[in-house]
Amino acid sequence: MNPLRSIDTLVESTPTNRPVTSLSIHPAWLRITHWLNAVSVVIMVGSGWRVYNAAPVFDLRFPGELTLGGWLGGALQWHFAGMWLLAFNGLVYLGLNLASGRFVRKFLPIKPSVVWNDIADALRGRLSHADPRHYNGLQRLAYVVVILDLVVLVLSGLVLWKSVQFPLLRELVGGYEGARRVHFFAMAALVAFALGHLVMVALVPRTLVAMIRGR
Ligand code: HEM
């Protein structure tokens with residue numbers, strides 16, 4: 001890589017050894033689905049907290065100011081509206097990622113030794129993210145886990161929404177009450193990811209530019 005060039009003009013080697021200038025980091029469909037997903041997650045978590053407060057599973061309530069919908073009926077309407085956005089947008093993201101082979105290129109392999117070294121580096125404040133075209137081991141693991149977590153959230157949500165229509169799913173998550181717990185802990189994992197994600201983005205702000213402009 002030519003050190004005099006900015007991150008926008010990273011040089012890649014081609015099979016012919018002719019250098020080409022690679023500008024694109026995130027394709028438009030990825031950026032659109034990412035930001036729609038972020039909006040839907042805010043809607044789902046905010047309204048979900050209000051729905052939870054109406055019938056808490058644990059000895060814990062979420063502050064009303066952080067919730068969405070104003071009251072149980074309003075929150076449920078937000079939750080059902082956000083659910084379509086989350087599910088359809090997620091299907092587009094996953095479908096395009098898998099069909100284009102991008103999922104394998106970007107996220108695999110996930111090597112435990114690499115993830116471990118990245119965690120150690122992150123704890124020492126030395127985790128490198130020099131080339132924003134490639135995710136480090138910790139990012140790969142975090143992104144794949146949160147994608148799976150979203151799948152669990154949607155499936156356990158389906159059980160809560162249409163318990164009778166999805167008997168197999170219902171049994172898999174331990175019945176209706178089991179689904180409430182699975183849904184809750186998957187939400188907690190999602191919120192933990194989002195907080196860590198925002199801290200990492202704040203530490204490396206140029207990744208945010210790439211997720212907005214694509215390059
Ligand atoms: C305002 C909130 C958010 C901001 C500012 C943000 C920002 C970013 C940025 C900058 C990247 C690229 C990281 C890099 O290139 O190193 C990224 C990737 C990603 N973010 Fe977010 N994000 C937000 C919310 C979320 C939420 C709520 C989720 C999921 C629940 C999420 C899931 C992901 C995933 C899975 C990727 C990898 C996407 C891929 O390459 O396929 N983000 N985000």
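The following paragraphs go through the ligand site of this predicted model, beginning at the iron atom and moving outwards.

The iron atom of the ligand is coordinated by two protein atoms, NE2 of His34 and NE2 of His197, at 2.0 Å. The iron atom has 6 donor atoms, and the angles among them run from 81 to 179°. On these angles the site is octahedral. For six octahedral donors, the ideal angles at a metal are 90 or 180 degrees.

The two histidines come from distant parts of the chain. Histidine 34 belongs to helix 1, which spans residues 28-54, and histidine 197 to helix 7, which spans residues 175-203. They are 163 residues apart. Histidine 34 counts as partly exposed because its relative accessibility is 23%, and the partly exposed class lies between 20% and 50%.

Around the ligand there are 23 residues, of which the closest are His34, Tyr93, His129, Tyr135 and His197. Several helices build this shell: helix 1, helix 2 (72-99), helix 3 (102-107), helix 5 (137-161), helix 7 and helix 8 (206-213) each supply at least two residues. Helix 1 gives the largest share, with 6 residues. Sorted by class, the shell holds 14 nonpolar, 8 polar and 1 charged residues.

Oxygen atoms of the ligand also lie close to polar side-chain atoms. For tyrosine 93, a polar side-chain atom is 2.5 Å from an oxygen atom of the ligand. Arginine 102 places a polar side-chain atom 2.7 Å from a ligand oxygen. In glutamine 139, an N or O atom of the side chain is 2.8 Å from an oxygen atom of the ligand.

Methods. Residues are numbered from 1 along each chain as its sequence is written. This is a predicted model: local features need pLDDT of at least 70, side-chain atom pairs count only at pLDDT 80 or more; totals for chains, interfaces and linings use all residues. Side-chain values use heavy atoms; hydrogens and water are left out. Donors are N, O and S atoms within 2.8 Å of the metal (3.2 Å for Na, K and Ca); water is not among the atoms, so sites may look incomplete. Four donors count as tetrahedral if all angles lie between 85 and 135 degrees; four count as square planar and six as octahedral if opposite donors are over 155 degrees apart and all others between 65 and 115; anything else is irregular. Helices (H or I, at least four residues) and strands (E, at least two) are DSSP runs, numbered from the N terminus. Buried means under 20% relative accessible area, exposed over 50%, partly exposed in between (1.4 Å probe, protein chains only). A residue is near a molecule or strand if one of its heavy atoms lies within 4 Å of it. A polar contact is a pair of N or O atoms within 3.5 Å; within protein, one must be able to donate a hydrogen and the other to accept it, and residues adjacent in sequence count only if both atoms are side-chain atoms. Ala, Val, Leu, Ile, Met, Phe, Trp, Tyr, Cys and Pro count as nonpolar, Asp, Glu, Lys and Arg as charged, and the others, Gly among them, as polar.
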